[in-house]
Amino acid sequence: GGGGGDGGGAAVGDAADPYKRKYKAIALCLQTLVNTLQGNYVNFGVFALYDDPALTDALHACVAHGTPITLADGTARRVE
């Protein structure tokens, strides 16, 4: 049937669930940043050496997306 669970958009019931609507994507972005920083994949000191703002931009984006999360929404569901 049309529009099933193919990832093409949010289901009708998802509009009432702030986790599925918004916070799941934020959690995924934050987890990706944590994995990158903890994984020892990149020497992040070279970003400053070459005046590359990528790391600073990523950190600012995570803070900007994380600050509007209310305590009630943040503790309502366990992120895996």
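User: Hi! Before we look at the surface, which residues can go into a patch here?
Analyst: Hi! Patches are made of residues with over 30% relative accessible area and no salt bridge, and nonpolar side chains are joined within 5 Å. Bear in mind that this is a predicted model.

User: Good to know. Which residues make the nonpolar surface patch?
Analyst: Val46, Leu49 and Tyr50 make it, and the patch covers about 350 Å².

User: And Leu49, is that one buried or exposed?
Analyst: Leu49 is exposed, because its relative accessible area is 61% and the cut-off for exposed is over 50%. Leu49 sits in helix α2, which spans residues 45-49.

User: How many aromatic pairs are there?
Analyst: The structure has 1 aromatic pair. Its partners are Phe44 and Phe47, which are stacked with 5.6 Å centre to centre and 20° between the planes.

User: Is Phe47 buried or exposed?
Analyst: Phe47 counts as buried, since its relative accessibility is 18% and buried means under 20%.

User: Switching topic: where is Cys29?
Analyst: Cys29 lies in helix α1, residues 18-38. Cys29 is partly exposed, at 48% relative accessible area. Its C-alpha atom is 9.3 Å from that of His65, with the two residues 36 apart along the chain.

User: Last thing, what does the confidence look like?
Analyst: The mean pLDDT of the protein chain is 75, with 71% of the residues at 70 or more. Among the elements, α2 has the highest mean pLDDT (88) and helix α4, residues 71-76, the lowest (70). Over residues 1-5 the pLDDT is below 50, and that stretch has 0 contacts in the model beyond near neighbours in sequence.

How values were computed
Residues numbered from 1 in each chain as written. Predicted model: local features only at pLDDT ≥ 70, side-chain atom pairs only at ≥ 80, totals over all residues. Heavy atoms only, no water. Patch = residues over 30% accessible without salt bridge, like charges linked within 9 Å, V, L, I, M, F, W, Y side chains within 5 Å. Areas by Shrake-Rupley, 256 points an atom, 1.4 Å probe, with all protein chains shown as cover. Salt bridge = Lys/Arg side-chain N within 4 Å of Asp/Glu carboxyl O. Helix = DSSP H or I, 4+ residues; strand = E, 2+ residues; numbered from the N terminus. Buried < 20%, exposed > 50% of the residue type's maximum accessible area, 1.4 Å probe, protein only. pLDDT = per-residue confidence, 0-100. Contact = heavy atoms within 4.5 Å. Phe/Tyr/Trp six-rings, centres within 6.5 Å; stacked < 30°, edge-to-face > 60°.
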